[in-house]
Amino acid sequence: MSSTLEQLTTPPVPVTRARMSTGTWFMLVGFLAVGLVITLALLRQTRAQPTEGQAPDFAFTTFDGDEYQLSDLRGKVVVLNFWASWCGPCRDEAPQLQSAWEHYAPGGNVVFLGVAYADNGVRSLKFLDDFGVTYLNAPDLGTRISALYGIRGVPETFVINQQGEVAEFLYAGVSEAQLRDIVDPLLEAGS
């Protein structure tokens, strides 16, 4: 009975709520941030790539510091190529793109534009130098241009007609012959 009496006379222990430590808060915020990044990446991947209709317009600054807007190039065929220095197929297609550019450059009615995907520094410049690339190239700061085009990997190439519409989408490496088969009819139709 004494233990029952002790239980009745002993004050109850107050219940305290456990508080999360600062470290726990940081971990929770970190997990939420990672979850948000993954969710945004998945949403970007589900965005349809423009394979017809008006090409998404964007402003860009070349590695040389020149500023353009894609819509400034209307009236010309634009070969828009997304690439990265660490991409094997990009390395394979770089000489093909440069050769095609050299073929069309004298006419002045075709513009090649390379967009360095998630590769905006010294490695990009070395890649361009290694392959003797002379057509316009720009970094894709924050991958905003890539997001507009819903790219899923590199290389990816969009051929845009004189009216600013996507005429062709090419995934993986392209050849000069492929590009000529697409660009020549566009030039003929536009003349």
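## Close-up views of a predicted model

**View 1. Five strands make an open sheet.** Welcome to the sheet: its five strands follow the order 5-4-3-6-7, and their pairing is mixed. Strands here are DSSP runs (E, at least two residues) and helices are DSSP runs too (H or I, at least four residues), both numbered from the N terminus. Two strands pair if DSSP finds at least two bridges between them. At the edges sit strand 5 (136-139) and strand 7 (166-171), each pairing on one side only. On average, neighbouring strands of this sheet are turned by 15 degrees against each other, direction ignored. Axes are lines fitted to C-alpha atoms, for helices over the stretch in contact, and angles run from 0 to 180 degrees between N-to-C directions.

This is a predicted model, in which local features need pLDDT of at least 70 and side-chain atom pairs count only at pLDDT 80 or more, while totals for chains, interfaces and linings use all residues. Residues are numbered from 1 along each chain as its sequence is written, and side-chain values use heavy atoms, with hydrogens and water left out.

**View 2. The whole chain holds six helices and seven strands.** Reading from the N terminus, you meet the elements in the order α-α-β-β-β-α-β-α-β-α-β-β-α. Of the 191 residues, 37% count as buried; buried means under 20% relative accessible area, exposed over 50%, and partly exposed in between (1.4 Å probe, protein chains only). Among contacts in the chain with a separation of 6 or more, 71% come from residues 24 or more positions apart. Contact means heavy atoms within 4.5 Å.

**View 3. Strand 4 and strand 5 run parallel.** Four bridges join strand 4 (residues 110-116) to strand 5. Look for G114, which stands opposite N137 in strand 5.

**View 4. Strand 6 is mostly covered.** Five of the five residues of strand 6 are buried. On one side these are E156, F158 and I160, and on the other T157 and V159. Strand 6 has an antiparallel partner in strand 3, joined to it by five bridges, and L80 stands opposite F158. Strand 6 also pairs with strand 7 in the antiparallel sense, over five bridges, and here V159 stands opposite E168. Five residues lie between strand 6 and strand 7 in their hairpin, and G164 in the turn has a positive phi of about 85 degrees.

**View 5. Helix 3 meets the sheet and helix 6.** Helix 3 lies across strand 3 (77-83), strand 4 and strand 6 (156-160), and runs at about 155 degrees to strand 4. Helix 3 (residues 88-104) also packs with helix 6 (residues 176-190) at an angle of about 30 degrees, their axes 9 Å apart. Helix 3 brings Q96, L97, S99, A100, H103 and Y104 to this contact, and helix 6 brings E176, L179, R180, V183, D184 and L187.

**View 6. One disulfide turns up in a search of the whole structure.** A disulfide is a covalent bond between the sulfur atoms of two cysteines; here the cut-off is a pair of cysteine sulfur atoms within 2.5 Å. The partners are C87 and C90, with their sulfur atoms 2.4 Å apart. The disulfide is right-handed because the torsion about the S-S bond of C87 and C90 is about 80 degrees. C87 counts as buried at 4% relative accessibility, and C90 counts as buried at 1%.
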